[in-house]
Amino acid sequence: MGVIKLGFLHTALHAGCASAVARVIEAHGFEVDYVDLTRGDVKEALFTNQLDIYASTWLPMDDDLLNGNYRAVGDLYQPLPSWLTVGDVTIGEGGAVTCDAIYAAESVRHLYADALQSFKRTSHKDVTIIDDETLYHQLNHAAQQDQRVLVAAMQPHAAFFDARFQLIEAGLPTLGAPLRAPLLISENLAESGDPDLFDELSEMMLGVKVMSALDYAITVEGVDPEDAAESWQRGRLIPR
């Protein structure tokens, strides 16, 4: 029936997402041509119509990618800045924290800088910024060393799928509102492609738990993104 060019950012998280989207596309009889991109490549690819679908959009962060060539469709998951602990971190009244170190993922620093700066002032602690792609390995090392670490990171992420690390949902200041992760689908594909495929992609939902599990499988377990997506489709990715 044809080939669909599917673009995504070249990270484990986004490769997992693109592979899951590809499973839906292939079920409708299309072949998928993956196009992995650096963040600097994305705008040119979209503004010159090189892609049929782009699967790594976070809105409103990526509002500048929206143009008349593509429409934002659906909401695959909602990226959310969250707190995570490694080891026996104590959170007292007023957000007082007892720990050995505080880390923040680069994405949180980039998107929620004001909230992070406010937390640094109230906690009177330094915050070490760590690249999202290496964050899990840093936390794994901290756990092996019995360190107590508080972490600000974006869900989804492999770290949120590791049972050793605990999501903190109360007692600390909120970093900010969730984002949206729609697909960007070219107007040409939306208007002249398979309407059943368009409808299914519009309703497709992964959620942060599935996305974290995909990231964990690829980053930590070394699973190929397409194999991880197949496990998701067959209901084997997350224990029931």
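This text walks through a predicted model, beginning with the packing of one helix and ending with backbone details in the loops.

Helix H1, residues 12-27, is a convenient starting point, as its packing against three other helices is described here. The partners are H8, residues 207-219, H7, residues 195-203, and H9, residues 225-233.

Take H8 to begin with. The axes of H1 and H8 come within 8 Å, and they cross at roughly 115°. Angles from 65 to 115 degrees count as roughly perpendicular, and H1 and H8 are therefore roughly perpendicular to each other. The crossing of H1 over H8 is right-handed. On the H1 side the contact involves Ala-12, Leu-13, Gly-16 and Cys-17, while H8 supplies Met-211, Leu-214, Asp-215, Ile-218 and Thr-219. Sorted by class, the residues of this contact are six nonpolar, two polar and one charged.

The packing of H1 with H7 has another geometry. Here the axes come within 10 Å and cross at roughly 150°. An angle over 145 degrees counts as roughly antiparallel, so that is the description that applies to H1 and H7. H1 passes H7 in a right-handed crossing. Val-21, Val-24 and Ile-25 of H1 make the contact with Leu-197, Glu-200 and Leu-201 of H7. Five of these residues are nonpolar, none is polar and one is charged.

With H9, the axis of H1 makes an angle of about 55°, and the two axes are 8 Å apart. H1 and H9 are therefore oblique to each other. Their crossing is right-handed. From H1, the residues in contact are Ala-15, Gly-16, Ser-19, Ala-20 and Arg-23. Facing them in H9 are Pro-225, Glu-226, Ala-229, Glu-230, Trp-232 and Gln-233. This contact comprises five nonpolar, three polar and three charged residues. Gly-16 is listed in the contact with H8 and again in the contact with H9.

An annotation in the record bears on this part of the chain. An unreviewed UniProt entry assigns residues 131-232 to "domain: ABC-type glycine betaine transport system substrate-binding". In the model, that span is 48% helix and 15% strand. The C-alpha atoms at its two ends lie 26 Å apart.

Strand S8 covers residues 101-105, and Ala-101 belongs to this strand. The C-alpha atom of Ala-101 is separated by 18 Å from that of Ala-113, which is 12 residues away along the chain. Apart from neighbours within four places in sequence, Ala-101 is in contact with Arg-148, Val-149 and Leu-150. Of these, Val-149 and Leu-150 fall in strand S10, which runs over 149-155.

Charged side chains come next. Side chains of opposite charge can pair when their charged atoms come close. The structure holds eight salt bridges. One of them joins Asp-62 to Arg-39, with the closest N and O atoms 3.7 Å apart. The two residues are 23 positions apart and link distant parts of the chain. Arg-39 is in helix H2, residues 39-47, whereas Asp-62 sits in the loop between strand S3 (53-54) and strand S4 (70-73).

The backbone also has some less common conformations. Most residues other than glycine have a negative phi, and most peptide bonds are trans. Three places in this model depart from that pattern. Asn-49, which is not a glycine, has a positive phi of about 60°. Asn-49 is located in the loop between H2 and S3. The peptide bond joining Leu-59 and Pro-60 is cis, with omega about 10°. Pro-60 lies in the loop between S3 and S4, the loop that also holds Asp-62 of the salt bridge with Arg-39. A further cis peptide bond runs from Gln-155 to Pro-156, where omega is near 10°. Pro-156 is found in the loop between S10 (149-155) and S11 (165-168).

Definitions and conventions:
Residues numbered from 1 in each chain as written. Predicted model: local features only at pLDDT ≥ 70, side-chain atom pairs only at ≥ 80, totals over all residues. Heavy atoms only, no water. Axes fitted to C-alpha atoms, helices over the stretch in contact; angles between N-to-C directions. Helix = DSSP H or I, 4+ residues; strand = E, 2+ residues; numbered from the N terminus. Parallel < 35°, antiparallel > 145°, perpendicular 65-115°, else oblique. Left-handed = near helix turned anticlockwise from the far one by under 90°. Contact = heavy atoms within 4.5 Å. Nonpolar A, V, L, I, M, F, W, Y, C, P; charged D, E, K, R; others polar. UniProt positions renumbered as here; feature names shortened; annotations may be inferred. Salt bridge = Lys/Arg side-chain N within 4 Å of Asp/Glu carboxyl O.
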